[in-house]
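Please look through the sequence and the model below before reading on. The paragraphs that follow begin with one pair of residues and widen out from there to the chain as a whole.

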Amino acid sequence: MNKKNLINSVLDNIKTILGALIIAIIIRSFIFQPFYIPSSSMEPTLLIGDRIFVSKYTYGFSKHSFPFSPNLFNKRIFYKNPQQGDPVVFKTPADNRTDYIKRLVGLPGDEIQFIEGEIFINNKKIIRNKIETNFSVRCGKVTFEVNLYEEILPNGKKYIAAYNKAGTLQNTKKFKVPKNHFFFLGDNRDCSKDSRFSNVGYVNFVNLVGKAQIIFFSNDTTKGSLLKFWNLRNSFRLDRLLKEIK
């Protein structure tokens, strides 16, 4: 190969790589973005080791739709209102950088309060039905026994939440959700940093990244990592493959 052909070959490869990168950025920014679940705050809905796809278009787009959150604008375009009960990935207000995933419980203007361990929205207790008493969830390196409840939000959305048998959060102040903000809770109620606490608080609509839609892969990290490919068969959670996130 002569020098000219070599240069042309290198340029063609560079163009191919750049084209692939541009396509990847477009897909990641406007369609779907993969995320890894590193904590147990959404158990039993999401487990440590789940890999999920989040739709970026569901709520429209903001600066947080793009890599590194460039400070291009401070609003949303093509904005669509999230729904109560949606599992949402958002940037934490504390640093506008860290990704959290929680369940949207309170809309702008809503009043949220825990009374005797029950959730009240606008002074009305949400419906919940106990469905399991022999279940355990993780919290860091600790495992504890929980009661599982099917909770039903005012819009009819159903999901499963876990409450620690040994003692759960009983009473809180009344949280009044500001305009253009949302109130989030983790499904693992007693192992979640969420809107009940000042390090998260109310989440601005600009901080929404997208809606969690599907688990495309999952492996139990306590039984092996992806690096130990020879043990992947033992850690792979086949029952979670392509599972819809509710």
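In this predicted model, a good place to begin is Phe114, whose bridge partner in strand S6 is Ile119. That bridge belongs to a wider pairing, in which strand S5, residues 111-115, and strand S6, residues 118-121, run antiparallel to each other and are joined over four bridges. As a general matter, the strands of a sheet pair through backbone hydrogen bonds, in either a parallel or an antiparallel manner.

Strands S5 and S6 are in turn part of an open sheet of four strands, which is arranged in the order S7-S6-S5-S11 and paired in the antiparallel sense. Because strand S7 (124-125) and strand S11 (175-176) each have a single partner strand, they stand at the edges of this sheet, and one side of each is left without a neighbour in it.

Stepping back to the whole chain, one finds 15 strands together with two helices, and a C-alpha trace that spans about 80 × 45 × 30 Å along its principal axes. Of the contacts in the chain with a separation of 6 or more, 58% are between residues 24 or more positions apart.

The chain has 246 residues, of which 44% are buried, while the area it exposes comes to about 13500 Å², with carbon and sulfur atoms supplying 58% of that area. As for charge, the chain carries 38 positive and 20 negative charges, and the mean positions of these two groups lie 7 Å apart.

How values were computed:
Residues are numbered from 1 along each chain as its sequence is written. This is a predicted model: local features need pLDDT of at least 70, side-chain atom pairs count only at pLDDT 80 or more; totals for chains, interfaces and linings use all residues. Side-chain values use heavy atoms; hydrogens and water are left out. Buried means under 20% relative accessible area, exposed over 50%, partly exposed in between (1.4 Å probe, protein chains only). Contact means heavy atoms within 4.5 Å. Accessible areas come from the Shrake-Rupley method with a 1.4 Å probe; for residues, only the protein chains shown count as cover. Lys and Arg count as positive and Asp and Glu as negative; His and the chain ends are not counted. The place of a charge is taken as NZ of Lys, CZ of Arg, CG of Asp or CD of Glu. Two strands pair if DSSP finds at least two bridges between them.
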